[in-house]
Amino acid sequence: MDFDLSDEQKQLVETVQSFVKKQSPLSRLRALREDPTGWSRDAWRQMGELGWISISLPESVGGLGGSFIDAALILEQLGTTLVPEPMIPTLTAAAAIVRAGTEEQATRLLAPALAGEGSLALAAAEAQSRFDVADVATKAERAGSGYRITGEKVWVLNGHAADTIVVSARTAGGPRDREGISLFAVDRNAPGLEVQPVKTMDSHHAGLLRFKGVEVGEEQRLGAEGGALAALEYAADLGAAAACAEGLGVINTALQMTVEYLKTREQFGVKIGSFQALQHRAVDMFIEAELCRSMMILAALKVADADEEERKTAISAAKVQLAWGGRQVTQQAIQLHGGVGVTDEHDIALYFKRMHVLNALFGDEDTHLTRYARSPLFTANVGA
Amino acid sequence: MDLSFSPEHLAFREEVRAFIASAMPPSLMTKAAADSHFEHDEVMEWHKILHRKGWVAPHWPAEVGGSSLDVTSRFILSEELELAGAPALSPFGLVMVGPLIIQFGTPEQKKRFLPRILSGEEVWCQGYSEPNAGSDLASLKTRAEDDGKGNFVVTGQKTWTTYAQYADWIFCLVRTDASAKKQSGISFLLIDLKTPGVTVKPFLTSGGTPAFSETFFEGAVVPKENLVGPLNGGWTLAKALLGHERTLIAAVGASIRAIRKVKRIAARTQKDGRPLLEDPLFRAKIARLEIKLRGLQMANYRAIAGAQLGRAPGPESSILKIRGSEIQQQCYELAMEAMGLASMSWFNEPGVVHPEEQWVPSLFNYLRATTIYGGTNEIQKNIIAKLILGIPDR
């Protein structure tokens, strides 16, 4: 066992810390709130140049070949000032492309995004699907030498701005069949693709994507026809692990802000931190934050596990812990800040919002609790 | 980063498993299977078996009879013993007073006491709390007065002197300077329980087991050579004790074992004509607890990896006692829930409830102690607020 960061990883963390402090304080998110894109092309390009987008992708497709831990360390720091650039959408879409597509496809499709010149989105969720990526009603029907895609995808992160969209569509089977799901890489300017930008609570943006007979070629299909679910599940799990990593930055920042407030705010002639009721709440927050760190490490280490059930149970356990810890810490953070915590002006409210979004993305508490409880591993090694 | 154990550690785990399977007498094995209460003689029988193997005090330095096992191996040993339901050895000599004698004792004290703790020849108990000194331990009143003839004369009452009725010696915090303020007038004294004037009164736990007792001192004469550390320096020793072997306090192995038991009970219990284990609501409850336990386990791994490198315990280790104790309780709350009406059972003859469920109601009661002993969880939170979060207490 070894949970220490390598020298390179320590250096990486320092670089990201310095970036968020100097170039991306929270005020940048506030400034971009009314911007139609919601993030900065310049900042994104810089992140690309620094190798942050490509860090955990295989070298064979143009990545730097690091482990997901490296990406998680970056995401954690980006979470501390709620950096709005589309890391999570790009990394999840890239995961689907790498897992499902050929090296040639992945290298070609990823190149602009890895350089920070373009960005990606994964269009999986539908109005009826909730968090089940196998619940796909969008259809891809054979048309000539390619396919025609018809359907609607909702709450597509970065769907409003992505250059390439990875979309899941049914080429065979019924609504929730595990077989018959295919993935396609679609250009944002493809005829028949309507993108309606929508706002999310955390000052980010997403897209409501209507595929009205979008024609795609055979070469845009990623992987075997009808066999994309495993790659899609992997991408969603990677997204969940990424949410755990960014969420850890959110949680620890909310905790720090709250502890600082307890040390400075005075009522009844004393620092409010001298009240045991509040001290114990702060410690409960700290306990959850430490558990979120422990489980984030587990998720980041297990996301690449070759054993699918090991991966799924670890990710689900971590995502459930994120839901518990994230909720507890950000809710209590607001409570301990008092009335100012409920104003738009105070930053703590922004951490509360982002935490909610991270909890909802890639499967909420109940979804992951259910998946964990249904795993064959749950009843293995129980004894006679 | 790497979550896996080294091949050496994996091999050691196998060695421990094989040893337990071959060395545990069948009578203990049967009791372990049901998580029964072990009688003192049975605990000492197991103590002697582990002593012969050299595993009774693996955390002691080799030169005083410990072992050369590293932190991770010690954790594995402890976890496997918990997973097997083996009798928990009396910690008062091995985990508490032993390490303090090693750290603060004179050469004579080491020679006199340590070998007999290891062999199990002498059994220890703890004399810290008093009826009016619980969480506020430093308000203790038991006094030890210099008789001018090389002795202390000890008068007072200690409570929660767990298993004193089976013990030979008690280590006590006593007041040696009544004029000094609270913590500064306290000394650490070893007292032979056979000393005239010392009386032990056992009482039952709420789990129905004869574990608790209180110990009375009425002018007990204790030679000064039994003082450990400096006169009036006992508080430092008491605090040093808190830092020992923190990675074992989480009881992860015991809780893994308990959750397996909950699943087995739920698998043989029917609800709506189906095993309770297939009931989504109950299953989700187990899953929640198991996920909590997994978080604790990961935090514990982080603490072990740090300790393995010789580092002082980090923030992650401070949560182990609080979370570990809560989870131990929750495991048995869930076991009781799984048992349904049978959870009302109380020490019935065989056949009334499943053998594996016989001791669940007792433990459900007794384990309420986990969030109280070793410093209540509220005291732990006070400490974390002050020392880790740096929140001033005034």
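Q: How do you know that the end-to-end span of helix α7 of chain A agrees with its number of residues?
A: In this predicted model, helix α7 of chain A covers residues 229–264, which is 36 residues. At 1.5 Å a residue the helix should span 52 Å, and its end C-alpha atoms are 52 Å apart, so the two values agree.

Q: What makes α7(A) largely enclosed by the rest of the structure?
A: A residue is buried if 20 or more other C-beta atoms lie within 10 Å of its own. Of the 36 residues of α7(A), 29 are buried, and the helix is therefore described as largely enclosed.

Q: How do you know that the span of helix α4 of chain B agrees with its number of residues?
A: Helix α4 of chain B, residues 71–83, has 13 residues and should span 18 Å at 1.5 Å a residue. Its end C-alpha atoms are 18 Å apart, so the expectation is met.

Q: Why is α4(B) called mostly covered, and what do its buried residues pack against?
A: The description rests on a count: 10 of the 13 residues of α4(B) are buried. Among them are B:Val71, B:Phe75, B:Ile76, B:Leu77 and B:Leu81, together with B:Arg74 and B:Glu79. The buried residues pack against α1 (7–23), α8 (252–268) and α9 (280–308) of chain B. Just after α4(B), B:Gly85 takes a positive phi of about 70°.

Q: Why is α11(A) called roughly perpendicular to α9(B)?
A: Helix α11 of chain A, residues 365–374, packs with α9(B) at an angle of about 95°, and their axes are 9 Å apart. Angles of 65 to 115 degrees count as roughly perpendicular, so α11(A) is given that description relative to α9(B). On the α11(A) side the contact is made by A:Leu369, A:Tyr372 and A:Ala373, and on the α9(B) side by B:Arg283, B:Ala284, B:Ala287, B:Arg288 and B:Ile291. By class, this contact has six nonpolar, no polar and two charged residues.

Q: Which element gives the largest share of the side of chain B that touches chain A?
A: The contact takes 36 residues from chain B and 34 residues from chain A. On the chain B side, the elements giving two or more residues are α8, α9, α10 (315–318), α11 (320–339) and α13 (377–388). The largest share, 13 residues, comes from α9(B). This side of chain B has 20 nonpolar, three polar and 13 charged residues.

Q: How do you know that domain 2 and domain 3 of chain A are in contact?
A: The domain assignment of chain A gives domain 1 (7–118), domain 2 (121–226) and domain 3 (230–379). The C-alpha centres of domain 2 and domain 3 of chain A lie 30 Å apart, and 11 residues of domain 2 are in contact with 12 residues of domain 3. The residues on the domain 2 side divide into seven nonpolar, three polar and one charged.

Q: Why is A:Asn381 called exposed, whereas B:Asn232 is called partly exposed?
A: The cut-off for exposed is 12 or fewer other C-beta atoms within 10 Å, and partly exposed lies between this and the 20 needed for buried. A:Asn381 has 9 and is therefore exposed. B:Asn232 has 17 and so counts as partly exposed. A:Asn381 lies in the segment after α11 of chain A and has a positive phi of about 55° although it is not a glycine. B:Asn232, in the loop between β8 (227–228) and α7 (234–242) of chain B, has a positive phi of about 65° and is not a glycine.

How values were computed: Residues numbered from 1 in each chain as written. Chains lettered and ligands numbered in written order. Predicted model: local features only at pLDDT ≥ 70, side-chain atom pairs only at ≥ 80, totals over all residues. Helix = DSSP H or I, 4+ residues; strand = E, 2+ residues; numbered from the N terminus. Expected span 1.5 Å × (residues − 1). Contact = placed C-beta atoms within 7 Å. Domains from an automatic or database assignment. Nonpolar A, V, L, I, M, F, W, Y, C, P; charged D, E, K, R; others polar. Axes fitted to C-alpha atoms, helices over the stretch in contact; angles between N-to-C directions. Parallel < 35°, antiparallel > 145°, perpendicular 65-115°, else oblique.
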